[in-house]
Amino acid sequence: MDLHGKTALVTGGAHRLGKAITMALARRGCNVAVNYHRSGEAARATVREARACGVEAEAWRADVADPDQVEAMVTAVRERFGRLDVLVNGASLFQRTPFPTRDLTTWRRVTDILIHGAFHCANAVAPLMLEQGAGCIINITDLSAWQPWPNFAAHSVGKAALLALTRQLALELAPTVRVNAVAPGLILPPPDFTPTQVERAAARTLLRRWGSPEDVTHAVLYLIEAEYVTGEVLVVDGGERFGHLRK
């Protein structure tokens, strides 16, 4: 897919990795719809930066876990841009969910965003993409889809489900809409990481370093442009999955 003149919706596209994906699309000449829930100021700043690339950009507030809000957002995007060619499901809530627990609030919220949010967005954009005769969906998962993280049960289960959803949607929407996933590894350290934690994490990778947001955006752009790839996941982790095998 040639992105010039196309339109992409990026959920969670206001900051951190989501912003990097939004800006990479804008630099390719793609109009961008930036979804946010609570990061309104960041979303508006990202929109201004995207417009500086010479494309059209708007921000939309919507809780992706709410199908009615998602439907309204997708309708507004279509009315604003006239089309929707790419969906990047990047919205996520990274919170601890120790197990066992008696408080299901966080579990439900994290899984609602990761699983139901991605489903609602894909469900809303698919009819438009099918009508257009083409489209591309990219889901952002991570290594917890294969290697669950202690005390992050909801996140790990949600990301694993997102990987399964990728394959299911690729099957359901073929041959018109391609659906793939990108699984980043160590890209942006959490704000509370100490230098020691950053170094220790880097040592787990085969490349012995953290990656950059650009490493992930390269993967996203590749999967959007690779017309013969669907139902796949591209892991961008510097070999972290195999770091424990290094002598």
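Buried means under 20% relative accessible area, exposed means over 50%, and partly exposed lies in between. The exercises below use these cut-offs on a predicted model.

**Exercise 1. Sort the residues of two salt bridges by exposure.**

Task: Decide whether R51, with a relative accessible area of 43%, is buried, exposed or partly exposed. Then do likewise for the other residues.

Solution:
- Step 1. Take R51. Its relative accessible area is 43%, so R51 is partly exposed.
- Step 2. Find its partner. R51 forms a salt bridge with E58, and the closest N and O atoms are 3.1 Å apart.
- Step 3. Classify E58. Its relative accessibility is 24%, so E58 counts as partly exposed.
- Step 4. Turn to R109 and D63. Their side chains meet in a salt bridge, 3.1 Å from N to O.
- Step 5. Place this pair. R109 lies in helix α4 (residues 105-132), while D63 lies in the loop between β3 and α3 (67-81), so the pair ties together parts that are 46 residues apart in sequence.
- Step 6. Classify both. R109 has 24% relative accessibility and counts as partly exposed. D63 has 14% and counts as buried.

**Exercise 2. Follow a link between two helices.**

Task: State which parts of the chain E131 and R78 link.

Solution:
- Step 1. Check the contact. The side chains of E131 and R78 meet in a salt bridge of 2.8 Å, N to O.
- Step 2. Locate the ends. E131 is in helix α4 and R78 is in helix α3, so the pair links distant parts of the chain, 53 residues apart.
- Step 3. Add exposure. E131 is exposed at 57% relative accessible area. R78 is partly exposed at 35%.
- Step 4. Look for a network. Salt bridges that share partners join R51, E56, E58 and R80 into one network.
- Step 5. Set the total. The structure holds eleven salt bridges.

**Exercise 3. Find the two faces of helix α2.**

Task: Which residues of α2 are buried, and how do they lie around its axis?

Solution:
- Step 1. Size the helix. α2 covers residues 40-51, twelve residues in all. From first C-alpha to last, α2 reaches 17 Å, close to the 16 Å expected at 1.5 Å a residue.
- Step 2. List the buried residues of α2. They are G40, A43, T46, V47 and A50.
- Step 3. Look down the axis. The buried residues of α2 fall within an arc of 120°, so they line one face of the helix.
- Step 4. Turn to the face away from the buried side. That face of α2 carries the exposed residues E41 and R48.
- Step 5. Ask what covers the buried residues. The cover includes α1 (16-27), β2 (31-36) and β3 (57-61).

**Exercise 4. Read the sheet from edge to edge.**

Task: What is the order of the strands in the open sheet, and which are the edge strands?

Solution:
- Step 1. Write the order. The seven strands of the open sheet run β3-β2-β1-β4-β5-β6-β7, with parallel pairing.
- Step 2. Mark the edges. β3 and β7 (233-236) each pair on one side only.
- Step 3. Note the twist. Neighbouring strands are turned by 15° against each other on average, direction ignored.
- Step 4. Zoom in on one pair. β1 (residues 7-11) and β2 pair in the parallel sense over five bridges. V10 has V34 in β2 as its bridge partner.
- Step 5. Add a helix. α4 packs on the sheet, touching β1, β4 (86-89), β5 (135-140) and β6 (177-184). The direction of α4 makes about 175° with that of β4.

Methods. Residues numbered from 1 in each chain as written. Predicted model: local features only at pLDDT ≥ 70, side-chain atom pairs only at ≥ 80, totals over all residues. Heavy atoms only, no water. Helix = DSSP H or I, 4+ residues; strand = E, 2+ residues; numbered from the N terminus. Expected span 1.5 Å × (residues − 1). Buried < 20%, exposed > 50% of the residue type's maximum accessible area, 1.4 Å probe, protein only. Arc of directions from axis to C-beta. Contact = heavy atoms within 4.5 Å. Salt bridge = Lys/Arg side-chain N within 4 Å of Asp/Glu carboxyl O. Pairing = 2+ DSSP bridges. Axes fitted to C-alpha atoms, helices over the stretch in contact; angles between N-to-C directions.
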